[in-house]
Amino acid sequence: MRLQDLLRDGVDGAGNDQADVGSKGLERDAEMSLAANQRELLLQTEKALDRLDKGSYGQCEVCGEAIGKNRLIAFPRATLCMTCKQREERR
C-alpha cells in the first residue's frame, strides 16, 4: 500500500469511529463484489465471442440442441438451452 493510500484512507481507522470503519468495509466489499461480477460477465462475453468464431454459438453445451432465439435475445451469453438450464438449477 502506498503512502498516499494510507493518508487518504487513514491508518487502520485512526480518527474514525466504528461506524465509519464499518461503512468503509461494507463499501469495499460491495466494490469487490461488483468487480467480480464484471469480471464474470467479461469472461462470459469472451466465451460467447469464441463460440461465434467456432460456429457453435447458439448450441447448448450439454445436449447440442439449439438454445433458442428468444433465450439468446434475452441472454446473449447463454450456453445452455432452457431444458438443460432448468436441470442445472434443480441440482
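The exercises below work through a predicted model, each with a solution in steps.

**Exercise 1. The overall fold**

Task: Determine how many helices and strands the protein has, and in what order the elements run.

Solution:
- Step 1. The secondary structure comes to four helices and zero strands.
- Step 2. Read from the N terminus, the order of elements is α-α-α-α.
- Step 3. The protein has 91 residues, and buried residues make up 16% of them.
- Step 4. Take the contacts between residues at least 6 apart in sequence: 24% of these join residues at least 24 apart.

**Exercise 2. The cysteines**

Task: Find how many disulfides the structure has, and explain the result for Cys60 and Cys84.

Solution:
- Step 1. A disulfide is a covalent bond between the sulfur atoms of two cysteines.
- Step 2. The cut-off needed here is a pair of cysteine sulfur atoms within 2.5 Å.
- Step 3. For Cys60, the closest cysteine sulfur belongs to Cys84 and lies 3.6 Å away, so the pair is too far apart for a bond.
- Step 4. For Cys84, the nearest cysteine sulfur is that of Cys81, at 3.6 Å, and Cys84 is in no disulfide.
- Step 5. A search of the whole structure accordingly gives zero disulfides.
- Step 6. As for accessibility, Cys60 counts as buried at 5% relative accessibility, and Cys84 is buried too, with a relative accessible area of 7%.

**Exercise 3. The second largest pocket**

Task: Describe the second largest pocket by its volume, its lining and the classes of its lining residues.

Solution:
- Step 1. The volume is about 160 Å³.
- Step 2. The lining consists of Leu43, Gln44, Lys47, Arg71, Phe75, Arg77, Ala78, Thr79, Leu80, Lys85 and Glu88.
- Step 3. Two elements, α2 (18-54) and α4 (82-90), each give two or more residues to this lining.
- Step 4. Of the elements, α2 gives the most, with three residues.
- Step 5. Sorted by class, the lining has five charged, four nonpolar and two polar residues.

**Exercise 4. Lys85, a lining residue**

Task: Place Lys85 in the structure and list what it touches beyond its neighbours in sequence.

Solution:
- Step 1. Lys85 is in helix α4 and is one of the residues lining the second largest pocket.
- Step 2. Its relative accessible area is 26%, so Lys85 is partly exposed, given that the partly exposed class lies between 20% and 50%.
- Step 3. With residues up to four places away in sequence left out, Lys85 touches Arg71 and Leu80. Arg71 and Leu80 also belong to the pocket lining.
- Step 4. The side chain of Lys85 makes a polar contact of 3.0 Å with the side chain of Glu88, another lining residue.
- Step 5. Ile67 is 18 residues from Lys85 along the chain, and their C-alpha atoms are 10.0 Å apart.

**Exercise 5. Two residues in one loop**

Task: For Tyr57 and Ala66, state where each lies and decide whether each is buried, partly exposed or exposed.

Solution:
- Step 1. Tyr57 lies in the loop between α2 and α3, and Ala66 is found in the loop between α2 and α3 (69-74).
- Step 2. Tyr57 has 27% relative accessibility and therefore counts as partly exposed.
- Step 3. Ala66 has 60% relative accessibility and therefore counts as exposed, the cut-off being over 50%.
- Step 4. Not counting residues up to four places away, Tyr57 touches Ala48, Arg51, Leu52, Leu72 and Pro76. With Pro76 there is a further detail: the side chain of Tyr57 reaches the backbone oxygen of Pro76 at 2.7 Å.
- Step 5. On the same terms of sequence separation, Ala66 is in contact with Gly58 and Cys81. The C-alpha atoms of Ala66 and Cys81 are separated by 6.7 Å, with their positions 15 residues apart along the chain counted as the separation.
- Step 6. The C-alpha atoms of Tyr57 and Ile67, ten residues apart along the chain, are 8.9 Å from each other.

Definitions and conventions
Residues numbered from 1 in each chain as written. Predicted model: local features only at pLDDT ≥ 70, side-chain atom pairs only at ≥ 80, totals over all residues. Heavy atoms only, no water. 1 Å grid on protein atoms, 1.4 Å probe; cavity = no way out; pocket = protein on both sides within 12 Å on 5 of 7 lines; lining within 4 Å. Points joined across faces, edges and corners; volume = space filled by probe spheres on them. Nonpolar A, V, L, I, M, F, W, Y, C, P; charged D, E, K, R; others polar. Buried < 20%, exposed > 50% of the residue type's maximum accessible area, 1.4 Å probe, protein only. Contact = heavy atoms within 4.5 Å. Polar contact = N/O pair within 3.5 Å; in protein donor to acceptor, adjacent residues only side chain to side chain.
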